[in-house]
Amino acid sequence: MEALGIAFEERLAEIESYLAFLEGIEAEARSGPPRLGHAGALITTQQQRILYSGVFLQLYNLVEATIVKCLDGVTEAALKAATWSPGDLTIELRREWVRVMARTHVDLNYENRLESALGLCDHLVASLPVAGFKVEKGGGGNWDDETIEQIADRLGFNLRVTADTHSAIKRPFKDDLGPLQLVKKLRNSLAHGSISFAECGENLTVGELRDLASRTAAYLREVVAAFRSYIDGHGYIIAAKRPLVVVA
């Protein structure tokens, strides 16, 4: 999970660098059309809006990458010791394991369904440890604070963030949507061609984009911390089998 925190901060630093670039352009625009470099090409209003819209793509990339790595961290921890049996897993994580082993989430014909069921049966009969699975994350393009909370519930732990962070991520940012909901909506609208990049970046300031990035980053940091606590505390294992965690 330490690597996850590093990867998160590296991606966030890219966004911060991009926002600093946009701030420079916005500052120049106050005294006339901004240029690329001292005597470079002029940046038009349309181009400026297109550049602003890129923040939504970067923020969504940060959200999805962070949550995918958090979920992979859970299963990697469960598999790392190579000694946990399916019965050692909490009912929530055991359900995820069965979902993958029996392929219950896939539309199969009767022969393939039988093969999947036999594979699960053989694993249990041989009393093999849990191995080779990842939490099914669902279709891409759908991550926001609500879906993050839902998948935490699916794993059997209550995703807690501080009151200030919770308020900031739920408070409407634009069009009655919270920060992550807006990021998801505009990212998907761009991906599906529903709006143009210039339309996406219209009527926005860099200050507003910084606020959006700040609220998103603060929330994701606490999500990472919650997943780290869940993993370090062996929350994926039934209470009777959890190793004793020694606090230094």
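What follows is a chat between a trainee and a mentor about salt bridges, a cavity and a surface patch in a predicted model.

Trainee: Let's start with charges, then. How many salt bridges does a search of the whole structure find?

Mentor: Bear in mind that we are looking at a predicted model; a search of the whole of it finds twelve salt bridges.

Trainee: Pick one for me. Which residue does Glu 23 meet in a salt bridge?

Mentor: The side chain of Glu 23 meets that of Arg 210, with a distance of 2.6 Å from N to O. Glu 23 lies in helix α1, which covers residues 2-29, and Arg 210 lies in helix α9, which covers residues 206-232, so this salt bridge ties together parts that are 187 residues apart in sequence.

Trainee: And how accessible are those two, Glu 23 and Arg 210?

Mentor: Glu 23 is partly exposed, its relative accessible area being 33%, and Arg 210 is also partly exposed, with a value of 26%.

Trainee: Which residues are linked with Arg 210 in a network of salt bridges?

Mentor: The network links Arg 210 with Glu 23, which we have just discussed, and with Glu 16.

Trainee: OK, another pair. What does Lys 241 form a salt bridge with?

Mentor: Lys 241 forms a salt bridge with Asp 88, and the closest N and O atoms of the two are 2.7 Å apart. This pair also links distant parts of the chain, since Lys 241 sits in the segment after α9 while Asp 88 sits in the loop between α2 (45-80) and α3 (91-101), 153 residues apart.

Trainee: Is Asp 88 buried or exposed?

Mentor: Asp 88 is buried, with a relative accessible area of 7%, whereas its partner Lys 241 counts as partly exposed at 43%.

Trainee: What about Arg 154, which residue is its salt-bridge partner?

Mentor: The partner of Arg 154 is Glu 96, and the closest N and O atoms are 2.7 Å apart. Arg 154 belongs to helix α5 (residues 145-155) and Glu 96 to helix α3, so the pair ties together parts of the chain that are 58 residues apart in sequence.

Trainee: Where does Glu 96 fall, buried or exposed?

Mentor: Glu 96 is buried, with a relative accessible area of 1%, while Arg 154 counts as partly exposed at 29% relative accessibility.

Trainee: Changing topic: how many cavities of 30 Å³ or more turn up in a search of the whole structure?

Mentor: The search finds one cavity of 30 Å³ or more, and the volume of the largest cavity is about 30 Å³.

Trainee: Which residues line the largest cavity?

Mentor: Its lining is made by Leu 4, Ala 7, Phe 8, Arg 11, Ala 65, Thr 66 and Lys 69. By class, that lining has four nonpolar, one polar and two charged residues.

Trainee: Which helix gives the most to that lining?

Mentor: Helix α1 gives the most, with four residues, although α1 and α2 each supply at least two residues of the lining.

Trainee: Last topic, the surface. Which residues form a nonpolar patch there?

Mentor: Ile 50, Leu 57 and Phe 197 form a nonpolar patch on the surface, and together they have about 230 Å² of accessible area.

Trainee: Where is Phe 197 found?

Mentor: Phe 197 is found in helix α8, which covers residues 197-200, and it counts as partly exposed at 37% relative accessibility.

Technical notes. Residues numbered from 1 in each chain as written. Predicted model: local features only at pLDDT ≥ 70, side-chain atom pairs only at ≥ 80, totals over all residues. Heavy atoms only, no water. Salt bridge = Lys/Arg side-chain N within 4 Å of Asp/Glu carboxyl O. Buried < 20%, exposed > 50% of the residue type's maximum accessible area, 1.4 Å probe, protein only. 1 Å grid on protein atoms, 1.4 Å probe; cavity = no way out; pocket = protein on both sides within 12 Å on 5 of 7 lines; lining within 4 Å. Points joined across faces, edges and corners; volume = space filled by probe spheres on them. Nonpolar A, V, L, I, M, F, W, Y, C, P; charged D, E, K, R; others polar. Patch = residues over 30% accessible without salt bridge, like charges linked within 9 Å, V, L, I, M, F, W, Y side chains within 5 Å. Areas by Shrake-Rupley, 256 points an atom, 1.4 Å probe, with all protein chains shown as cover.
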